[in-house]
Amino acid sequence: MTSPRQSANKKPTKKRFNKGAFYRTCRMLHGYLSAAAFLLLMFFAASGLLLNHPGWFGADRQDAEPIIVALDFDALQSARSSETPERAFEELVRDATRVQGQLKDASISDSDAMLRFAGVKGGTDIFIDFELAEAEVETSKANLTSIIHDLHRGKDAGKVWKFMIDITAILILIMSVIGLILFFSLRFRLGNAMRIMGATMVLFVALFVFFVP
């Protein structure tokens, strides 16, 4: 039976770090993150390959024949005098015809206006003549290769798609860090794994120093 004095002198035991449980948790997280990012990794790997070889399938957009659209004269004059005429012109033209992309920039003078719309699926250039109350609309449609290129770069893809790219990058970074931690659970292969990592780093630096202009 333990005396009160012995109970008082007994120090609380510290919990030891459980390497086995830690590595099991890392493997579980790595597996789940891999499942979540599997298709995203495949897409960005394949699209990066296509981006590096744009001539494989052709990435030129197809330009449609320009069309002339008649605009309401009074509505056009009202748009000219608004606080944000480029937005008013955009609304006016969209009511009259189909416009591809989002408004990127506008150039407005006393007699005319130029609006440029851009998007992953295509773009539209619009020239508005104030005196004739007409708009010349030229639309370009993207093909599959150019769509993949723009999605990979996030060019003109919108905030939601760019947020998805950020999430993908974060997932890859976390997976890489967890994978690096798991190397230390490979007792008999750790040395080889570290040597391969070191050789890869040396190769990466050498390629940059000697072969990148």
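**Figure 1. Glycine 20 in helix α2 of the predicted model.** Glycine 20 belongs to helix α2, which covers residues 19–52. The structure shown here and in the other views is a predicted model. With a relative accessibility of 30%, glycine 20 counts as partly exposed. The view also includes serine 185, which is 165 residues from glycine 20 in sequence. In space, the C-alpha atoms of glycine 20 and serine 185 are 8.6 Å apart.

**Figure 2. Confidence along the predicted chain.** The average pLDDT of the protein is 84, and 91% of the residues score at least 70. Among the elements, strand β4 (residues 112–119) has the highest mean pLDDT, 93. The lowest mean, 55, is that of helix α1 (residues 4–9).

**Figure 3. Salt bridge between arginine 87 and glutamate 90 in helix α4.** The closest N and O atoms of arginine 87 and glutamate 90 are 3.1 Å apart, and the two residues form a salt bridge. Both residues lie in helix α4 (residues 85–96); because they are three residues apart there, about one helical turn separates them. The two partners differ in burial: arginine 87 is partly exposed at 45% relative accessibility, whereas glutamate 90 is buried at 12% relative accessible area. Arg94 joins Arg87 and Glu90 in a network of salt bridges. The structure holds five salt bridges, and two others are shown in Figures 4 and 5.

**Figure 4. Salt bridge between lysine 104 and aspartate 156.** The side chains of lysine 104 and aspartate 156 form a salt bridge with an N to O distance of 3.4 Å. This pair links distant parts of the chain, 52 residues apart. Lysine 104 is in strand β3 (residues 102–108), and aspartate 156 is in the loop between α5 (144–153) and α6 (158–183). Lysine 104 is partly exposed, with a relative accessible area of 39%. Aspartate 156 is also partly exposed, with a value of 24%. The backbone of aspartate 156 has a phi near 55°, which is a positive value in a residue other than glycine.

**Figure 5. Salt bridge between aspartate 105 and arginine 116.** A salt bridge joins the side chains of aspartate 105 and arginine 116, at 2.9 Å from N to O. Aspartate 105 is in strand β3 and arginine 116 is in strand β4, so the salt bridge ties together parts of the chain that are 11 residues apart in sequence. The relative accessible area of aspartate 105 is 37%, and this residue is partly exposed. Arginine 116 likewise counts as partly exposed, at 36% relative accessibility.

**Figure 6. Alanine 133 and its positive phi.** Alanine 133 sits in the loop between β5 (122–129) and β6. Its phi is near 55°, a positive value in a residue other than glycine. Alanine 133 has a relative accessible area of 7% and is buried.

**Figure 7. Glycine 123 in strand β5.** Strand β5 contains glycine 123. This glycine counts as buried, at 8% relative accessibility. Lysine 159, the second residue of the view, is 36 residues from glycine 123 in sequence. The C-alpha atoms of glycine 123 and lysine 159 are 17 Å apart.

**Figure 8. Patch of negative charge on the surface.** The patch gathers Asp63, Glu65, Asp125, Glu136 and Glu138. One of these residues, glutamate 136, lies in strand β6, which covers residues 134–141. Glutamate 136 counts as partly exposed, with 34% relative accessibility.

**Figure 9. Nonpolar surface patch that includes methionine 201.** The patch has an area of about 1100 Å². Met201, Leu203, Phe204, Val205, Leu207, Phe208, Val209, Phe210, Phe211 and Val212 make up this nonpolar surface. Methionine 201 lies in helix α7, which covers residues 190–211.

Conventions: Residues are numbered from 1 along each chain as its sequence is written. This is a predicted model: local features need pLDDT of at least 70, side-chain atom pairs count only at pLDDT 80 or more; totals for chains, interfaces and linings use all residues. Side-chain values use heavy atoms; hydrogens and water are left out. Patches are made of residues with over 30% relative accessible area and no salt bridge: like charges are joined within 9 Å, nonpolar side chains (Val, Leu, Ile, Met, Phe, Trp, Tyr) within 5 Å. Accessible areas come from the Shrake-Rupley method with a 1.4 Å probe; for residues, only the protein chains shown count as cover. Lys and Arg count as positive and Asp and Glu as negative; His and the chain ends are not counted. The place of a charge is taken as NZ of Lys, CZ of Arg, CG of Asp or CD of Glu. Helices (H or I, at least four residues) and strands (E, at least two) are DSSP runs, numbered from the N terminus. Buried means under 20% relative accessible area, exposed over 50%, partly exposed in between (1.4 Å probe, protein chains only). pLDDT is the predictor's confidence in each residue, from 0 to 100.
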